[in-house]
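User: Could you walk me through the charged contacts and surface patches here? Short answers are fine.

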Amino acid sequence: MNFEFTDEQRMIANAARDIAKDFPPEYWREKEENGEFAEEFFRAIADAGFMGIVIPEEYGGSGYGMTELLIAMEELAANGCGAGGVWYFVLTEVFGALPIVRYGTEEQKEKYLPKIARGEMEFCMALTEPDAGTNTLAIRTTAVKDGDEWVINGNKIFISGADRAKGMLLVARTTPPEKAPKRTLGITLFLVDLPSEAVKWNPIPKHAINFSKTCEISINNLRVGEDAILGEKDLGWYLLLDVLNPERMSAAAGAIGGARLAISKAVEYSKQRKVFADPIGSYQGLQFPLAEAYAALECARLMMYKAAWLYDTKFRSEDVRDPKKRVEMAAVFREVGDAANMAKAVAVENSLKAVYWAMQTFGGYGYAKEYDVERWWREVNLLRLAPVTQQMALNYIAEHILGMPRSYRI
């Protein structure tokens, strides 16, 4: 096993660090407090080619994989950007570019990928519903065939970036559960152009990450053509798994990068702050929890990059389209899912610990906005809940890796 980054990967990491210098915590604090989209940051990462990392060169991208995208995410987050260094990538590259690269038709690739790579098109994914969060198979949004078109109706919630997105990966049922051969069949992914009169959104006030709006969406008689289907009709659940695994990896990158940022600031402060003549960094009460969290985060980091390596090297798009090889590809998705869920679970748990103890290190200053630790605490707490709760990640590990009985009912 080779744990070294390639020269190109090191270049991506260095470029990310350079960009982060221009967008320090103060920048994100202002965007958060004003509820403003980080336009300058988005343009900087687009101009640097980061929005096209996973897009093949023939469509204007760099032709790299999930590994390189995670490198950029982690380094941006760790060097001052916090959650902002990950958020916009997830919405547009993970929800837009990646599935189109892997499952899109040539026409879909030509339509969307060059615009994404240039930073001209932002994406979002409409999956979660008021009565269907983790239980995706219970979604009620329907797509009904009417002549040459599909008519889509339903409600979605917690859809980030819907206010700005020009493209949406929409998840809907094309076959009712009672008519499908099994519950995992009958779901289809659609590529929807926005804005649309048939898609209405309202922002949801939230605790943090207010440099991006998260919305509730109503879809009323949205009409799309057959060419809007991504992949194959009724097989969207299996393609969706291949979107959710990178989302979990991204959560791990955000947790690890954000924790690195908080720990570095805490360590720096602990050397300067003296109480009773000694720097507080010499107190084992602060040393041990930060050291323990850092060690666990390094382990989670290895698992995250293992997941990315599996994702980048074991996937074969031609096998997904071959019914005889779908069982084999399902096993690949499962292997990626194993690593991604373990990375997410451990990274988030120890990121929470790291930021908690960073705040303790700063004492009262940790509660003050000007030191940013309280904002990082708010940001990392989202990852307990999304893209999947810590409990559901542990359920996955217990059932699918340890072989224990399922602990929830469907």
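**Salt bridges and patches**

Analyst: Let's start with Glu74, which counts as buried at 0% relative accessibility. Keep in mind that this is a predicted model.

User: Which residue does Glu74 meet in a salt bridge?
Analyst: Glu74 sits in helix H4 (residues 66-81), and its partner is in helix H7 (residues 236-272), so the pair ties together parts that are 186 residues apart in sequence. The partner counts as partly exposed at 25% relative accessibility. The N to O distance is 2.8 Å, and the residue is Arg260.

User: Which residues are joined with Glu74 into one network?
Analyst: The network comes from salt bridges that share partners. Glu74 and Arg260 make one such contact, a salt bridge between their side chains. Besides Glu74, the members are Arg17, Glu75, Arg260 and Arg301.

User: How far apart are the closest N and O atoms of Lys111 and Asp193?
Analyst: The two link distant parts of the chain, with Lys111 in helix H6 (residues 106-117) and Asp193 in strand E5 (residues 187-193), 82 residues apart. Lys111 is partly exposed, with a relative accessible area of 39%, and Asp193 is also partly exposed, at 36%. They form a salt bridge, and the closest N and O atoms are apart by 2.7 Å.

User: Are Glu129 and Lys156 buried or exposed?
Analyst: These two form a salt bridge, with the closest N and O atoms 2.9 Å apart. Glu129 is in the loop between strand E1 (123-126) and strand E2 (142-146), while Lys156 is in strand E3 (residues 149-160). To count as buried, a residue needs under 20% relative accessible area. Both Glu129 and Lys156 are buried.

User: How many salt bridges does the count come to?
Analyst: The rule is a side-chain nitrogen of Lys or Arg within 4 Å of a carboxyl oxygen of Asp or Glu. Glu129 with Lys156 is one of these pairs. The count comes to 30.

User: Where is Asp227?
Analyst: Asp227 belongs to a surface patch of negative charge, together with Glu57, Glu58, Glu106, Glu107 and Glu110. Asp227 is exposed, with a relative accessible area of 63%. Its place is the loop between strand E7 (214-225) and strand E8 (229-230).

User: Which residues make the nonpolar surface patch of about 440 Å²?
Analyst: One of them, Leu302, is found in helix H8 (residues 284-314). The full set is Met1, Phe3 and Leu302.

Definitions and conventions:
Residues numbered from 1 in each chain as written. Predicted model: local features only at pLDDT ≥ 70, side-chain atom pairs only at ≥ 80, totals over all residues. Heavy atoms only, no water. Patch = residues over 30% accessible without salt bridge, like charges linked within 9 Å, V, L, I, M, F, W, Y side chains within 5 Å. Areas by Shrake-Rupley, 256 points an atom, 1.4 Å probe, with all protein chains shown as cover. Lys, Arg positive; Asp, Glu negative; His and termini not counted. Charge placed at Lys NZ, Arg CZ, Asp CG, Glu CD. Helix = DSSP H or I, 4+ residues; strand = E, 2+ residues; numbered from the N terminus. Buried < 20%, exposed > 50% of the residue type's maximum accessible area, 1.4 Å probe, protein only.
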